Amino acid sequence: MLIRITNVGVFNDEDNSHPTDLCFQASPGNIVDTHADATETIDGTGCTILPGFIDSKIDADSSPTALSDFASHGVTTVIDSSSGTMESIAMRLASNRSVGTTTYLATGSPAGAPVGQGGYMSRNFPYRAVREIRNPAEAEEFVDGHATGVTKSDFIKAIAEQPGLDDATLAALVQAAHRRGMMAIAHASQTSAYKRALDAGFDAVTPVPVDGPLDEAVVRAFAEKKIAVIPTLGFLQRLLSQGSYVRDNPSHSFVHATNAVRALHQAGVPICAGTASNNDGELFMAFGKTLHEELQLLVSEAGLSNREAMRAATCVASKAFGLVDRGSLETGHRADLVMVLGDPTEDISSSARIQRVWIQGIEVYKAQ
């Protein structure tokens with residue numbers, strides 16, 4: 001079955017077309033040429049059609065409602081770089097069980113230094129499981145365990161904070177990942193950790209520093225190497241408002257975080273929208289809903305334009321993570337589609353006014 005949406009604004013990288021048509025194959029399917037003969041027509045007057053949103057940083061644990069929550073808010077692809085390996089396996093099975101489900105990609109447990117050796121163990125960030133490694137040889141073994149078999153992950157992640165893994169171990173982990181064709185992601189909320197992630201050769205970093213300003217040379221190098229950054233501003237804003245965190249880290253500031261995103265973005269660093277959405281008590285961030293809040297923060301606090309924020313949740317993220325079949329409304333791409341009321345390039349809050357959502361051409365949400 002072919003579906004045509006008529007009289008709809010079509011989002012693309014450069015500008016939104018005037019009201020036009022978009023055609024896709026349903027159950028399941030891809031975007032097809034607009035000249036195809038449709039069997040069903042949907043009037044999109046007053047709406048904009050966009051690629052399904054990508055949340056580049058989540059923490060699903062093994063929540064039974066996470067994937068449906070994401071889908072109902074237009075999030076059709078998620079990247080989990082906080083949950084442990086076992087939780088990630090369960091979520092991947094749930095995602096793959098049927099078509100029309102939000103795509104779930106994950107790193108599995110990140111690598112970190114043993115607590116007894118001063119390992120950071122993410123005291124302030126909710127990693128559910130950290131795989132302890134001690135040296136380059138163990139880094140190689142860690143990557144091997146994530147590259148094949150039942151524990152295979154989509155990406156590799158390591159904690160670059162100090163105290164923690166030494167430089168040689170971080171570099172060995174990245175090199176091992178790249179030899180296996182895998183992307184390496186670093187956790188870094190310290191300015192020094194950003195420099196370590198740069199030197200080790202990581203492909204993406206999350207979140208942004210909260211302990212001080214980034215060095216201009218580091219910012220330039222991130223831009224030259226096209227290292228992607230997932231700021232998770234909404235999560236950092238919540239974390240930095242916690243009394244216990246403020247007492248333990250009086251010099252840390254949300255201003256440092258927003259200034260870092262501004263500097264990175266202005267330099268040309270790819271900025272990907274991510275939420276660190278999770279079900280963890282005081283740091284709870286609702287699945288799906290918080291992506292739209294993140295987009296608003298990227299505009300209001302970090303200086304991205306409305307269009308740039310939308311690109312951070314679509315084409316920039318798909319390019320950064322090598323997701324070549326999604327992220328833009330091109331013929332042949334997956335029919336992961338979101339129709340919103342209004343135009344988010346004019347009013348960023350329009351991104352949350354979800355009217356309909358399709359995943360691979362299967363309708364998974366329709367506003368009442």
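**Pockets and cavities in the model**

Helix 11 (306–312) and helix 12 (315–320) each contribute at least two residues to the lining of the largest pocket. Of these elements, helix 12 is worth a closer look, since the most lining residues, four, come from helix 12. Please keep in mind as we go that this model is predicted.

Let us stay with that pocket for a moment. The largest pocket holds about 410 Å³ of space. Its lining is made up of 18 residues, and those nearest the centre are Val 269, Pro 270, Ile 271, Val 316 and Lys 319. Sorted by character, the lining of the largest pocket has nine nonpolar, seven charged and two polar residues.

Now we can turn from the open space to the enclosed spaces. Rolling a probe the size of a water molecule over the atoms shows where empty space is left. Three cavities of 30 Å³ or more are counted here. The largest cavity has a volume of about 100 Å³. Lining the largest cavity are 13 residues, and Lys 57, Ser 82, Phe 125, Phe 235 and Ala 276 are the closest to its centre. Six residues of this lining are nonpolar, four are polar and three are charged.

Next comes the second largest cavity, with a volume of about 40 Å³. Helix 2 (residues 85–96) provides the largest share of its lining, four residues. The residues that line the second largest cavity include Thr 85, Ser 88, Ile 89 and Arg 92, and also Thr 107, Gly 108, His 146, Thr 151, Lys 152 and Ser 153. By character, the lining of the second largest cavity divides into seven polar residues, two charged and one nonpolar.

Conventions. Residues are numbered from 1 along each chain as its sequence is written. This is a predicted model: local features need pLDDT of at least 70, side-chain atom pairs count only at pLDDT 80 or more; totals for chains, interfaces and linings use all residues. Side-chain values use heavy atoms; hydrogens and water are left out. On a 1 Å grid over the protein atoms alone, a cavity is a set of points where a 1.4 Å probe fits but cannot get out, and a pocket is an open set with protein on both sides within 12 Å along at least five of seven lines; lining residues have an atom within 4 Å of a point. Grid points are joined across faces, edges and corners, and a volume is the space filled by probe spheres set on the points. Ala, Val, Leu, Ile, Met, Phe, Trp, Tyr, Cys and Pro count as nonpolar, Asp, Glu, Lys and Arg as charged, and the others, Gly among them, as polar.
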